[in-house]
Amino acid sequence: MAYKIVDAEYVLDNLGTLPLVDVRPDFMYEESRIPGAISIELIKAKESPRDTAECFVEEFAKAGLGPQDDFIVYCYDGGLAREACDLLESQGYSGQQCYQGSWIDWISDDSRPVEA
């Protein structure tokens, strides 16, 4: 694991500066998210008949995020975010940063902004 693990303070400090990728299912993203996050569902790539890694990386490319770009990945509780970061690393990505606490940690503090 070469990618960086980050916390809520880091995410808050970088809101609007670093791209933020929400890998949760779309229905969760649509309900609420960290402000400015874009949705790239990991589950969708895993359920594709095509290669999961190929499918996932293709979505990052469509979003304008390449292997050398810095960005933060989060999910619901950190599990999918770690899986996504590992998958990206296996495909040559090096700039991803994993928000380990993810959504559960983010909403545990009412002072943090939420977008609906």
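**Helix 5 and the salt bridges**

Reader: In this predicted model, which residues form a salt bridge at 2.7 Å, N to O, and are they buried or exposed?

Author: The model is a predicted one. A salt bridge joins the side chains of Arg24 and Asp22, with 2.7 Å from N to O. Buried means under 20% relative accessible area, and the state of both Arg24 and Asp22 is buried.

Reader: Which residue forms a salt bridge with Glu115, and where does that residue lie?

Author: The closest N and O atoms of Glu115 and its partner Arg33 are 3.1 Å apart. The pair links distant parts of the chain, 82 residues apart, with Glu115 in the segment after helix 6. Arg33 lies in the loop between helix 2 (26-31) and strand 3 (38-39).

Reader: Why do the buried residues of helix 5 line one face of the helix?

Author: The buried residues of helix 5 are Ala81, Ala84, Cys85, Leu87 and Leu88. Seen down the helix axis, they line one face because they fall within an arc of 160°.

Reader: Which residue of helix 5 forms a salt bridge with Lys46, and is that residue buried or partly exposed?

Author: Lys46, in helix 3, is 37 residues apart from its partner in helix 5, Glu83. The two side chains meet at 2.7 Å, N to O. With a relative accessibility of 34%, Glu83 is partly exposed.

Reader: Which residues do salt bridges with shared partners join into one network?

Author: The model has eight salt bridges by the rule applied. Those that share partners form one network of Arg50, Glu54, Glu58, Glu59 and Lys62.

Key: Residues numbered from 1 in each chain as written. Predicted model: local features only at pLDDT ≥ 70, side-chain atom pairs only at ≥ 80, totals over all residues. Heavy atoms only, no water. Buried < 20%, exposed > 50% of the residue type's maximum accessible area, 1.4 Å probe, protein only. Helix = DSSP H or I, 4+ residues; strand = E, 2+ residues; numbered from the N terminus. Arc of directions from axis to C-beta. Salt bridge = Lys/Arg side-chain N within 4 Å of Asp/Glu carboxyl O.
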